[in-house]
Structures are given as C-alpha cells and as structure tokens.
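Me: I have a model open here and would like to go through how its parts meet. Could you take me through it slowly?

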There are 4 protein chains.
Amino acid sequence: MALTGVLRPGHAQIRVLDLEESVKWYTDVMGLQYQGRDKQGRAYFKTRAERDHNSVILRQADQAGMDFFGFKVLDKATLDDLEKKLQAYGVATERMPAGDLLETGERVRFKIPTGHTIELYADKADVGSACGTTNPDMDVIDQPGIIPIRLDHCLIYGDDLEGALDLFTKVLGFTLVERVKLEDGKTDLAVWLTCSAKAHDIAIVRHGEKDKLHHVSFQLGSWEQVLRAADIMSKNRVSIDIGPTRHGITNGTTIYFFEPSGNRLETFSGGYDHYPDMKPITWTWDEVGAGIFYHDRKLNDAFLSVVT
Amino acid sequence: MALTGVLRPGHAQIRVLDLEESVKWYTDVMGLQYQGRDKQGRAYFKTRAERDHNSVILRQADQAGMDFFGFKVLDKATLDDLEKKLQAYGVATERMPAGDLLETGERVRFKIPTGHTIELYADKADVGSACGTTNPDMDVIDQPGIIPIRLDHCLIYGDDLEGALDLFTKVLGFTLVERVKLEDGKTDLAVWLTCSAKAHDIAIVRHGEKDKLHHVSFQLGSWEQVLRAADIMSKNRVSIDIGPTRHGITNGTTIYFFEPSGNRLETFSGGYDHYPDMKPITWTWDEVGAGIFYHDRKLNDAFLSVVT
Amino acid sequence: MALTGVLRPGHAQIRVLDLEESVKWYTDVMGLQYQGRDKQGRAYFKTRAERDHNSVILRQADQAGMDFFGFKVLDKATLDDLEKKLQAYGVATERMPAGDLLETGERVRFKIPTGHTIELYADKADVGSACGTTNPDMDVIDQPGIIPIRLDHCLIYGDDLEGALDLFTKVLGFTLVERVKLEDGKTDLAVWLTCSAKAHDIAIVRHGEKDKLHHVSFQLGSWEQVLRAADIMSKNRVSIDIGPTRHGITNGTTIYFFEPSGNRLETFSGGYDHYPDMKPITWTWDEVGAGIFYHDRKLNDAFLSVVT
Amino acid sequence: MALTGVLRPGHAQIRVLDLEESVKWYTDVMGLQYQGRDKQGRAYFKTRAERDHNSVILRQADQAGMDFFGFKVLDKATLDDLEKKLQAYGVATERMPAGDLLETGERVRFKIPTGHTIELYADKADVGSACGTTNPDMDVIDQPGIIPIRLDHCLIYGDDLEGALDLFTKVLGFTLVERVKLEDGKTDLAVWLTCSAKAHDIAIVRHGEKDKLHHVSFQLGSWEQVLRAADIMSKNRVSIDIGPTRHGITNGTTIYFFEPSGNRLETFSGGYDHYPDMKPITWTWDEVGAGIFYHDRKLNDAFLSVVT
C-alpha cells in the first residue's frame, strides 16, 4: 500500500485534576462524545467524525500532563514489525494487553529520548462516525461545543530532540516537514514531523526537562470554525493563550487555550500537504516568532515556558 | 516510511484545440504559472504553491481530452519495483525517457483496463513554491485568476471499472474510499481511490467507451475561495456545469466548469481524511444523486453524458 | 433622526397548508423560535437575534402565499403621518387594532398597486434577543436548524410595477437600488428598493397576476452559513430551487428553496450598502440572467414562473 | 425619505509624517486607489468599491493624528438645515469652500465638545466604483493590498464625552447603539453611535486630552478577508496592535494595526444592524474587557493609552 506503517495519531491520555469536572468540560465545551469509563475510572471520548471508539482518555491525577500518545498502525503485522525495529534500534518496548484501553487491541509502548511515552496499536473498535458508511448525510454543526473533526497531533517538549527525531524518522518512518534553528544556525530548536501527508502528526521542541506536554491539537473545518471555537471559549470563560491567529509553520490557523487542569489544547484549521519527496522548511532563529505566530511575528511568553 | 510507493497525482496532459488561446486562459483565468514549452510545442504550468516544475501540460490536438495522468512515486527504486509489479500483473509498460516532459525524469507508462494511459515517475525538478523553504511568508491571493493550490485528482470514465479498480488497489497500493452501486446493489457504478490519506487521488466511473475524461480537479483553500472562483468564471464568461455546491461523496465543495476546448475542470475545497484501515463508504443507486451533488440530491444531465 | 420613517421589514404572514407540520418545520429546519399562537390559531415565530416578539406568522389556509408584509416605523407619530400621506396619495387605509397580531400595536394596512397587502406599525413588544442588552455574549450556532439572523426582505410579483414603485418611493420614502429593464430598454421588469442602507428591503417583479409571492428572505451571517443552510436542507429533504449561488443584483449569496406548502423562501448573506445619494444600478435585458444568478448567467425556469 | 439627514462617514483627513512613504503604503498595503493630490499637496484615496471621489486624505505634518472626519448628508437643503441646528445649539460653524477638498462641495465644519473637528457636506463627485452601475460584474480580489470595501467609522478619544454624545444624538440625529459604564455604573466610559442602521458610524471614548484619534476603520467582506488582511500586514511587517479577534461590542471581527506614522487603523468585518427603535446595549465596568476584545476578555495596554 501507498500509506503503510504508522497511519495517524490515534489516542492521547491526558491527566486531569478533577475528572468529573473534566468530563463535563470535554463534553460541553469541546463537544466531544463521551464513550464511557474503564475499571480504572478513566473517561473516554471521541469526536463525532472519528470512527474508532476513542481518541481522548482522561485520567484523574495530582498533576496535569499527558501520560502517553498513541499512533495507529496499519495492521498487526506492522505492529510486530515496528516492535522488532524499535528493539533492534535499542528501544525497550512493552506490550500493553488488549482491553487495557477500552475497545483497543494490544499496544506496543516505549519511551522516546525526550522521555515521552509513545504507543503503537493496530486495533481499536470501529464504532462509526455520526454519519455512518452508507449514504451518509453531512454532519452539520447543530449542538453546543467546539465539535472538532479529529484528534490531530501533539507538540511535546523534551531534552534529547535529536534522539527523538532520529527515532521517529529512522525507525517509525516519519518525515521532517519543518524545523526551527537556534542562534547557531545548526541546532534544532523544534521539529515538525508527519507520518502521512499532513503538515504535522507530532512536533517536538527542545526543553530543559523531559516528558513535558505543550499541547494536544484538534482539527476544525475552517477559519470560521476557529472563530466559533473562540466565541465558545469566551462564553465558557476558557483561558485563551493566544489566537485566533495563524502559524507561519504549517500555515494553520489556530487557538491555543487551557482546559480546566491547565493542559494546553489547540483547535486549528488548514495547513498544507507535505510529501516525503519534499524538502523540509527551515526557520532561522531571528524569524522564529513569525514561524510560530505569523501575525504578531513574536513569541508570547507562554509559548516557551508554560508546559504540563 | 509511512507514506511510500505512489505519493500523489503529479501531472496531467490535456488536449486543447487552440494552444495560444488555452495558454492565455490557463494563465489568466485559472491563475496557473506558465513554465514554458518543449520542442513538441507543449505548454507547461504549475500552481504557485506546487514545488515541482510542472503539473499541467497542454497539447494542441484536434480533439479535447486527456492524454495521460501521472503519479509521482517515492524514488527510483520504487519506480523500478512498481514497474516489475505491473509487468508481473500482466500489464505492458513503456519507459518514457527523462526529459521527454520538461524537467521530468523517466516515466513508466501503461494502460489501465479502462483504456486510460497512466504514468509513474520519481523525478521532477523542484523549482520551489512561491514562498520558498526558508522563513516562508504566506502566499496571499494578490493577482487575477483562480490560483488553485494544487493539481489534486482526476475522474475518468471507462468500461472495465473492475479491472482498473483491481490494478489500482492490488498493484499500486491505492485504497477504496467510496463507491456507488448500480441498481443491482452489487456492481460498482463508480469508485473513489486514494494513494495517501486524501478522500480521492483518482476516481473512475463505468462508461460505455474507453479512455474518457470527466474532469481534472484543482484544490482551493476554502469555500470562500470556491465562491471567488465562481465569480472569476462568471466575469470571464466561463461555462459552469454545476456549482458552487457540495459533493456527498468526499464532502468536498465544488464547481464543475469547462475550459475553452470543452474539457471539464473542477475547483474544489475540503473533503475528509481517509486511512487504509477505514471501511469504504457505499452509496446505493437510489441515493446516487445525493452522493454526487449533495444539495440538489439529483444528477444533472451532463454528469453522466458529457466527457472528452 | 438620520434614520426615520419606515425602519425595516418587521413581519410576514405566510399561508400554509398544514399548520402543525409547518410549525415543526419552521422550528426544526429554519431554526426559528416558536412564540405561541393567537385566538385565530395563527403561529408566531422570531429569530434568535430579533428583539421584537414576532416576525413570521403562519396561517392555515387552502392555498399557499403571503397574506401581508409589514414594516416597522419609527414611532406612532410617524405612523399617523404616513397614514395621512397614503390617504393624500389616494390609497385607502385600514387600522388593524392593537393585539390583532400578538404583542403588536395598531397597524395601518393598505393595498399597493400590485395587489399586495402592506402594513405599517410602530409597536411590537421588545422581548429581547437570545443575548440581551447587558454584557451580551456572542450568539454561537449551537442547535439544529438554519437559525437565520433576521427576516430581511421579500420579493413580490404583480402587475402594476410602476404604481408600486411610485408609492414606495414617493410616499414611503424608499430608494431605488437596482432595476432590470425589459427588451425595450425602458420598461422595468423588476426593481429593488430600500428604506434603510441595505441593498433591499423589498423587491418587485412585473407579472401578469396580482398579489403573488416570489419569496420571503432571511439573512445569514456568512457564505459558510449559506453552505450550512444548504446542508441542512439536504438532510431534511427540502426542495432547493437554486443555490448556493450569488446574485449579481445586490451581490448577495443565496439559496432559494421551498417550505412544505410550496412557498419559496431564501437564505442569503452579504450584499452591499446603498445610500439615497447613490445612483441605482441598471441591468439590461440581455444581462438579466447574470443579474439574477451571477454564476450561471441565466434564469432557471422557476424564477419567472413559480410563485404562490 | 426613510434615510435622511446625515448619511454616512465620508472622509477622514489623516496626518502622516512622510507623505511619499505613506502614499506608497496606503496604495500597496491598504490597497486603496490613489486619486491624486491637491494644491496643498494633500494625497487623496478611495476604495475600489466606493463611488465618491475620495474618502481618505493624507496631509504631511510633524505629528500624526486626524485633522477632521466628515459625514455626507442627503443634500444641500439638509446641509443648510443642519448648520442652522448646530448654530441654534450653540456650535460655531465654518463653511469650507467647494473645491478646498478635491471634487468636494462646500463643507460645514465645527468642533464637537471633545475637541475634534467634524464636517458635513452634501456633494462629492461620483466617479464610480470599480464595477459601474450598468450590468456590474463582481469586484473580485485580484491585486495586492488589503482592499477594504469602505471607510466605515472612526473611534475618537476626548474629554467631554457627554457633550459630544448630546450633540450627535440631539442635533445630528445619531442613535446610541452601545455604551460602556465606568465603575460608578453611571458615567459613560465610551459610546458607539450610528446615523444609519450600522452598529457604529462613530465611537467616542472618554480621555484626559482633547482631540485624539484612536483609530480609523475600514470594512472588509468576511472573516476570511480579515485573515487575508492580517497575512498581508505580516508580509509587509506592519505592526499589529491586536487581532484577528472579535469585539463583543458590535460583534465585529477585527484587527487593530498601525500605519507608518503611528496612526492606528482597523480592518473589520461583520457587526449587527441597529435601528433607532432598539434599546442600547450596556457593558458594565467589570466586563469592559469582553466588550472590547471578546476572546481575551481583557483590554491590552495599548487600547486605553496609545492614541494620536
């Protein structure tokens, strides 16, 4: 097949400080569909358009952040193959049993050099989108909440950016789409990577600490939906970090905002297609502001400092 | 790599009745960039956003239509490998020499069972987009013409749909995204296929004759850009077949219209992502109208009859 | 005051064949707010954004059509003054008592030369918009239905267009915004009139019969909301006459469609501002198609023939 | 007529520090049409859509700011009448001769209690929009620059807000649309006024100094055009104060930015209709942030301090 190996971001497990409040918020404000809880008490969600059973898992904890981020792979043979490649590369892997996450098959779990836990899995129950697969009507926005299309990507902060970049590109088949250079013109401050033809499926920023989350991102259908999302945030007194604005990197339009536990989320729209035959785009240190926030052409304080 | 094999539609060679007039029209109305001519007199174009040297090639001829449609593959090894697989499948292939198309490497050419000529190639000169790959500014719409983002896909009409579907999925690694069934509920009237995660990279409709073109399609950035395209068409007295409207199939918003030689083109925006782990969507015969034109829920006469 | 006299379209009484079905349809599909019934059984609606108690009144009848169209005037003194001017002009007027329409004051009713019944009134209870007048939040689209902003205008068909034009401009202070000429280049086929700075508050097309309705129109906030409306129509199997498309006249984007009794409604967005110091725009007979439907540049059969 | 008296904002004379540079900037970045210079060296501009000869006049000066803001009135009789009413109210008026501003008739000039110079005039040469008044095609965006639709309104800062409010509403027929109250719940911090049915034709903020300009505002056609404007600003390294974002007051979407001399301009889209029968909207002191910048729900430092 033309698209094989790692297909797409599939799930993110997010730590929240008050699970009841968070279930309500992710339902009412984000407009996600609540899919139930498991024995550990974790709460599961999907978007209306997603077909697989869940994409967002909330876990009650004392500290906000992201436990792990999972990618769906083509099939079980691919899962076995990638596990072998990870081990051959020197990465320790762990098999999480089928059913540990609701309606989800076995997962191969491992740590990347930035300290984050990444998972691969081949199976998650296809419970169907809001429209089904026979003569589907359009899914018109007709209820409260932001109602994103999909869990799209995450941006993580960690120390060994080179190590993570090497693993994602050499072992997992990701392509480098954009990069920001430090003042020396050589070292990467940040990289954007894709496993498909999207502008990004994961992004990594160099940071003093390991295993930090900058944001988990959800796709919207248009710049006007970005505006609607901002209006909903204001109505619900959600703290907006920045936006609506545009990223120079990826060209996407965006809002960064904080959910009740302080985790930063993003709702974005747009972004170009990137194929593996294309050269990556490079941003130099003096233009990093325009790369991150194209209209202001400067970073806000929070971008480099606030993580969970 | 996660995206390998056949990457994307790369070029379409379109037959036009008056090359001078057509060069002017594709420049002024479509807003494509003229890239020059070859020794045979063929005229080359790309969009502002495309990086490779050309995507649309116009050839003067007595009859409108499409000579061939080409897909870019990952690299030369992939090209060789796919050629062998095509031959093993029983398809005769021909090597078109590098340079036969301007700034384009060797192409593997073959006929599919619907009679269309398809090409694969690994190399086309990267001449860069309007924005470049270092600290790129946004490419703002600031000149006449529709200015599409990219050559996106084509829809072809031919007789042996099953044969073409088999070849695209089994040999070239495409995935079936949507299908329309005939009254018997079994036979396909039409299929939409992707080699990436787009809703379609090529589509095929069953038809009495071989080797017919329904339309070549170009992507726009938003529904508002679709409106701008329709306004430009009207200002330039372009014959619109239908639109602006929405397809049920792919969910894309669209205009079908005719260039000066009578070839149908499409400018569209949107459409969902499709991954190879997802079930195809099926449209039954009684709902084919809504599948093709979601708002009218019926086919216009031209859809099934006018081809070049 | 700068804006005085006739302020705006305020209410339309529409005849429907099945009131129960229609109440459900205007609620669920149009997304209007049901405001109750009066003793005669008429059903009342307003939009979420409108502040006055009602703008659409449905009356059960054997034949579809519009009973009357009402304009709100600045105050009671204006109402008295305009009644006198109408009488001085030779128009018979009738006072409909306060409360005849729910929450509505006295109305001055009269027939215009095209046979239509027009009303003026100064008072309708201000029940408030969905947002109120203190620290209002944005009214985000968050429920089923098209949810227009306001009753915007109507287009009526009748015989004595010159007579109606004279009355609206000379007595009621309307301004001619656009006109379409017949083949003789002199006679008006149609006129668009405003009492404010909108592109139209009422429009009139010359027609063999008196007192016919072409459409009642509702404003939407954007071209993307026009698309959402078309999607909702398709989901609800509403018969679309034409659209989404654009009018050359007014520049508005539009959908014409039929409610269950066969009355044509419009949802539109945009349109320029017109002030009384500006010359009217004229469309010649050969370009009337582009004036009405800018993209197709031709009239569809229904435009001139289907009225209620 | 229904719309009489003061019709609309017609021209603003802005002081710039370097006229040559400013002419280039208002042409290339704002996308205004240069209309020539007068004997005093002032440079004139209009938008593509405006019909009157000029709306923006630039004057070279040592200090940025706005010399005067002019409103067009219905006709000469209205001009005479309003002059008499101003004088009767106690305002000294001055007649500026016809031709003092290019292609502009006599102007009645006076100072309002906040120290600003306001003008009324009845005549300015109708040079026509880009589309004309016979069978006009749509004016599609097809060249560099922001290309606003019209000069829309201004926001001025001054001390005697009550005095200005009284003059605009009692003498000039403006309507109060929205107001922001100070902490005492009684005193107005700011008022938004209309002479038509727009959300604002002028706005006034209470301030320690007289005769200050906060911004001159230009209308755009959509939220997507606001995004295009922001992209153009970034490409041209224009300093953006805030935006794209939304105002709670008026509901308009907006960007505030600075032209080369430091005058703040606005490009905005949207905003509701307001009629003189409607109650004004009131914002209390604790919600003023949401009123001004709806998404952030707080004022940025510049809003209350940076004026010219």
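Me: Let's start with chain D and chain C: how many residues of each are in contact?

Reply: In this predicted model, 43 residues of chain D are in contact with 43 residues of chain C, where contact means heavy atoms within 4.5 Å. Residues are numbered from 1 along each chain as its sequence is written, while chains are lettered from A and ligands numbered from 1 in the order in which they are written. Because the model is predicted, local features need pLDDT of at least 70 and side-chain atom pairs count only at pLDDT 80 or more, whereas totals for chains, interfaces and linings use all residues, and side-chain values use heavy atoms, with hydrogens and water left out.

Me: OK, and what area is buried between chain D and chain C?

Reply: About 3900 Å² is buried between chain D and chain C, and carbon and sulfur atoms give 53% of that area; buried area here is the accessible area (1.4 Å probe) that two parts lose on being put together, summed over both. On the side of chain D, the residues that lose the most area to chain C are Ala2(D), Met138(D) and Tyr275(D), which together make up 18% of what that side buries.

Me: How many salt bridges does the rule find there?

Reply: The rule finds 10 salt bridges across the interface of chain D and chain C, a salt bridge being a side-chain nitrogen of Lys or Arg within 4 Å of a carboxyl oxygen of Asp or Glu. In one salt bridge, the side chain of Asp126(D) meets that of Lys279(C), at 3.8 Å from N to O. There are also 24 residue pairs in polar contact between chain D and chain C, both residues being at pLDDT 80 or more; a polar contact is a pair of N or O atoms within 3.5 Å, and within protein one must be able to donate a hydrogen and the other to accept it, while residues adjacent in sequence count only if both atoms are side-chain atoms.

Me: Which elements give two or more residues to that side of chain D?

Reply: They are β1 (6-16) and β17 (281-283) of chain D, where helices (H or I, at least four residues) and strands (E, at least two) are DSSP runs, numbered from the N terminus. The residues of the side of chain D that touches chain C divide into 17 nonpolar, 12 polar and 14 charged. In that division, Ala, Val, Leu, Ile, Met, Phe, Trp, Tyr, Cys and Pro count as nonpolar, Asp, Glu, Lys and Arg as charged, and the others, Gly among them, as polar.

Me: What turn lays chain D on chain C?

Reply: A turn of 180° with a shift of 0.0 Å along the axis lays chain D on chain C with an RMSD of 0.0 Å, the copies being superposed by least squares on the C-alpha atoms of residues with pLDDT of at least 70 in both. That is the relation of a two-fold axis. In chain D, the C-alpha nearest the axis belongs to Leu3(D), 2.3 Å from it. The same surface serves both copies, since 100% of the contact residues of chain D recur in chain C.

Me: Switching to chain B and chain A, what is the count of polar contacts there?

Reply: Between chain B and chain A, 26 residue pairs are in polar contact, both at pLDDT 80 or more. The rule finds 10 salt bridges across this interface of chain B and chain A, and one of these joins Arg8(B) to Asp277(A), with the closest N and O atoms 2.8 Å apart.

Me: New topic: how is chain A divided into domains?

Reply: Chain A has domain 1 (6-121) and domain 2 (150-305), with bounds that come from an automatic or database domain assignment. The centres of these two domains of chain A, taken over C-alpha atoms, are separated by 20 Å.

Me: And what do the two domains of chain A bury between them?

Reply: Domain 1 and domain 2 of chain A bury about 3200 Å² between them, 72% of it on carbon and sulfur atoms. Tyr89(A), Pro113(A) and Thr114(A) supply 18% of the area that domain 1 of chain A buries against domain 2 of chain A, more than any other three residues. Across this interface of the two domains of chain A the rule finds 0 salt bridges, although 10 residue pairs are in polar contact between them, both at pLDDT 80 or more.
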